[in-house]
Amino acid sequence: MSESLTIALSKGRIFEETMPLLAVAGITPLENPEHSRKLVIKTNRPEIRFIIVRASDVPTYVQHGAADFGIAGLDVLIEHGGEGLYQPLDLNIARCRMMVAALESFDYAFAVRVGARLRVATKYVQIAREHFAAKRMHVDLIKLYGSMELAPIVGLADVIVDLVSTGNTLKANHLVPVEQIMDVSSRLVVNQAAFKLKRSEMMPVMDIFRSACRMTDRQEGKI
Ligand code: ATP
Ligand code: PRP
């Protein structure tokens with residue numbers, strides 16, 4: 001492995017949950033992006049570096065070849081569309097669920113039954129659009145960039161489409177999940193063109209992720 005390889009990922013939960021996978025192969029960052037303002041982070045392996053970007057920007061960096069690899073949630077990949085990307089591996093990290101949620105006092109089942117036109121606030125417009133289209137429901141989508149839980153409280157929307165893990169954020173805001181849309185986890189993504197040109201350099205990194213996933217699955221008793 002001589003050519004340099006760039007892995008795009010976001011700080012916070014993706015970085016934290018990816019590091020144990022790479023540690024299995026002895027790859028460690030030389031700085032912690034939580035404490036450093038640097039956006040390019042070297043590792044103990046001179047040929048591998050990380051770039052730190054917004055979670056929703058990861059597919060864009062990889063699609064345009066600014067990074068060879070990226071790690072992104074299924075939610076982000078669906079919203080992006082996946083153009084120019086291979087998605088060879090589910091890393092099984094940052095696991096959560098995409099849900100429809102409403103105020104405890106809102107009768108979602110009734111609204112669906114009578115064919116009400118719902119106002120849906122979400123950051124995930126593509127996923128929400130497809131979900132309600134499949135249910136043949138007419139909805140008005142309201143694009144937000146965060147804090148979706150607030151929208152039903154202040155009357156901006158009837159329901160939200162958001163990620164749920166522990167359910168604590170919903171509970172704290174008197175919301176309840178009313179429908180699951182999909183399970184979400186984070187995937188390794190690969191630039192298709194780079195993979196064709198640098199296959200021999202990139203394969204070992206993919207193998208590192210693959211075997212690290214197998215090992216952690218084994219530790220969690222999944223295999
Ligand atoms: P951006 O900064 O681009 O707006 P973000 O704030 O959603 O993105 P993170 O909160 O770091 O970024 O989430 C990264 C990924 O982790 C998401 O795309 C999703 O797949 C997953 N995720 C989001 N929330 C949770 C959660 N509560 N528990 C587990 N995984 C989550
Ligand atoms: C995500 C999601 C929910 C919360 C759910 O937000 O948008 O608000 O996690 O997690 P819970 O079910 O465990 O409470 P996040 O913490 O990523 O904040 P952000 O989207 O505003 O960055």
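The exchange below concerns a predicted model and the two ligands placed in its largest pocket.

User: What are the ground rules for the names and values used here?

Analyst: Residues are numbered from 1 along each chain as its sequence is written, while chains are lettered from A and ligands numbered from 1 in the order in which they are written. This is a predicted model, in which local features need pLDDT of at least 70 and side-chain atom pairs count only at pLDDT 80 or more, whereas totals for chains, interfaces and linings use all residues; side-chain values use heavy atoms, with hydrogens and water left out.

User: Why is the space taken by ligand 2 called a pocket?

Analyst: On a 1 Å grid over the protein atoms alone, a cavity is a set of points where a 1.4 Å probe fits but cannot get out, whereas a pocket is an open set with protein on both sides within 12 Å along at least five of seven lines. The space taken by ligand 2 is the largest pocket, and its volume, the space filled by probe spheres set on grid points joined across faces, edges and corners, is about 990 Å³. Its lining, meaning residues with an atom within 4 Å of a point, numbers 37 residues, with Arg13, Asp75, Lys123, Tyr124 and Leu163 nearest the centre.

User: What makes ligand 1 count as sitting in the largest pocket?

Analyst: A molecule sits in a pocket if more than half of its atoms lie within 2 Å of the grid points, and ligand 1 sits in the largest pocket by that rule. The shell around ligand 1 draws two or more residues from each of α1, α3 and β5, helices being DSSP runs of H or I with at least four residues and strands runs of E with at least two, numbered from the N terminus. The largest share, three residues, comes from β5.

User: Which residues are closest to ligand 1, and what makes a residue near?

Analyst: A residue is near if one of its heavy atoms lies within 4 Å of the molecule; 15 residues surround ligand 1, and the closest are Arg13, Arg54, Ser56, Asp75 and Lys123.

User: Why is the pair between Asp75 and ligand 1 called a polar contact?

Analyst: A polar contact is a pair of N or O atoms within 3.5 Å (within protein, one must be able to donate a hydrogen and the other to accept it, and residues adjacent in sequence count only if both atoms are side-chain atoms). A polar side-chain atom of Asp75 lies 2.7 Å from an oxygen atom of ligand 1, so the pair qualifies. An oxygen atom of ligand 1 is also 3.0 Å from a side-chain N or O atom of Lys123.

User: Which residues make such contacts with ligand 2?

Analyst: Polar side-chain atoms of Asp162 and Thr169 lie 3.0 Å and 2.4 Å from an oxygen atom of ligand 2, and a backbone N or O atom of Ser165 lies 2.7 Å from an oxygen atom of ligand 2. Taken alone, ligand 2 exposes 500 Å², of which the protein buries 63%, with accessible areas from the Shrake-Rupley method and a 1.4 Å probe (for residues, only the protein chains shown count as cover). β8 gives the most to the shell around ligand 2, with three residues.
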